[in-house]
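Student: Could you take me closely through one part of this model, namely the side-chain contacts around the pocket and the loop beside it? I would like a connected account that gives the distances and says how accessible the residues are.

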Amino acid sequence: MAMRRTGAVIPMAKNTGMDLYGADDLILAIKRLGDDVQGVHLRTATEAGAKIVSTAASTLAPRSEFGSRGNPAGHLSKSIRTQVKWTSTQDVARVDVGMLKSAWYGQLQERGTAFHPAQAFMRPALAATTHNVVALVSKILRARILQGKV
């Protein structure tokens, strides 16, 4: 998995993702738009929703006081990124929230090991913010449709 940011490709570790379905009236209105316009507005809305999840995950991520293995303190928290994928053939925007590959140990923190209990932060962040994400994405899309910006 790689993510584009300002022309650079940032390799990412395994991500936690969410597909957003529902809001049938919004989906019908979006389908009436051209592909370019659909992508711009749906991407903007889903990026805003993904920011809620990534902020929560960053807040919940375990932090070492002094850092470890050459990484500074708070490296895991700072490595959380989002990526939005638009699939026009399926009318789905997929949002991946994950960590940079340099934070590979985040998966061990999330799931635990035989020697280290799990300190989940990605899944709880998604669970805690799902309602807010759906509400925000719906609000943004509805406003753009009703204001004639799409």
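Tutor: A polar contact, as the term is used here, is a pair of N or O atoms within 3.5 Å, and within protein one of the two must be able to donate a hydrogen and the other to accept it. Please keep in mind throughout that the model is predicted.

With that definition in hand, we can begin at Arg 63, which sits in the loop between helix 2 (35–60) and helix 3. The side chain of Arg 63 reaches the backbone oxygen of Ser 58 at 2.8 Å, and it also makes a polar contact of 2.8 Å with the side chain of Ser 77. If neighbours within four places in sequence are set aside, the residues in contact with Arg 63 are Ser 58, Gly 74 and Ser 77. Despite these contacts, Arg 63 is partly exposed, because its relative accessible area of 48% falls between the limits of 20% and 50%.

From Arg 63 we can pass to His 75, since the C-alpha atoms of these two residues are separated by 7.8 Å although they are 12 residues apart along the chain. His 75 belongs to helix 3, which covers residues 75–78. Is His 75 buried or exposed? At 15% relative accessibility, His 75 counts as buried, because the value is under 20%. Its side chain is joined to that of Tyr 105 by a polar contact of 2.8 Å. Beyond the neighbours within four places in sequence, His 75 is in contact with Ser 102, Ala 103 and Tyr 105.

Tyr 105 leads on to a further kind of contact. The structure holds 1 aromatic pair. It is formed by Trp 104 and Tyr 105, whose ring centres are 5.9 Å apart and whose planes meet at 85 degrees, so the pair is edge-to-face. Trp 104 itself is partly exposed, with a relative accessible area of 47%.

Tyr 105 also appears in the description of the largest pocket, which has a volume of about 400 Å³. Its lining consists of 19 residues, and those that lie nearest the centre are Ser 64, Ser 68, Leu 76, Tyr 105 and Gln 109. Helix 3 and helix 4 are the elements that give two or more residues to this lining. Tyr 105 therefore has three roles in this account, as the polar partner of His 75, as a member of the edge-to-face pair and as one of the residues nearest the centre of the pocket.

Helix 4 also takes part in a charged contact, for the side chains of Arg 123 and Glu 110 meet in a salt bridge, with 2.8 Å from N to O. This pair links distant parts of the chain, as Arg 123 is in helix 5 (residues 122–146) and Glu 110 is in helix 4 (residues 105–111), 13 residues apart. The two partners fall into separate classes of accessibility: Glu 110 is buried, with a relative accessible area of 3%, whereas Arg 123 is partly exposed, at 46%. A search of the whole structure finds 1 salt bridge.

Following helix 5 onward, we come to Ala 128, which has its place in that helix and counts as exposed at 59% relative accessibility. The C-alpha atoms of Ala 128 and Ala 56 are 8.2 Å apart in space, while the residues are 72 apart in sequence. Arg 144 also lies in helix 5, and at 25% relative accessibility it counts as partly exposed. Between Arg 144 and Ala 45 the C-alpha distance is 9.8 Å, with 99 residues separating them in sequence.

To set this part within the whole, the protein has 5 helices and 5 strands, which follow the pattern β-β-β-α-α-α-β-β-α-α along the sequence. Of its 150 residues, 39% are buried, a share given by the same class that His 75 and Glu 110 fall into. Among contacts with a separation of 6 or more, 64% are between residues 24 or more positions apart.

Key: Residues are numbered from 1 along each chain as its sequence is written. This is a predicted model: local features need pLDDT of at least 70, side-chain atom pairs count only at pLDDT 80 or more; totals for chains, interfaces and linings use all residues. Side-chain values use heavy atoms; hydrogens and water are left out. A salt bridge is a side-chain nitrogen of Lys or Arg within 4 Å of a carboxyl oxygen of Asp or Glu. Helices (H or I, at least four residues) and strands (E, at least two) are DSSP runs, numbered from the N terminus. Buried means under 20% relative accessible area, exposed over 50%, partly exposed in between (1.4 Å probe, protein chains only). Rings of Phe, Tyr and Trp (its six-membered ring) pair if their centres lie within 6.5 Å; planes under 30 degrees apart count as stacked, over 60 as edge-to-face and the rest as tilted. Contact means heavy atoms within 4.5 Å. On a 1 Å grid over the protein atoms alone, a cavity is a set of points where a 1.4 Å probe fits but cannot get out, and a pocket is an open set with protein on both sides within 12 Å along at least five of seven lines; lining residues have an atom within 4 Å of a point. Grid points are joined across faces, edges and corners, and a volume is the space filled by probe spheres set on the points.
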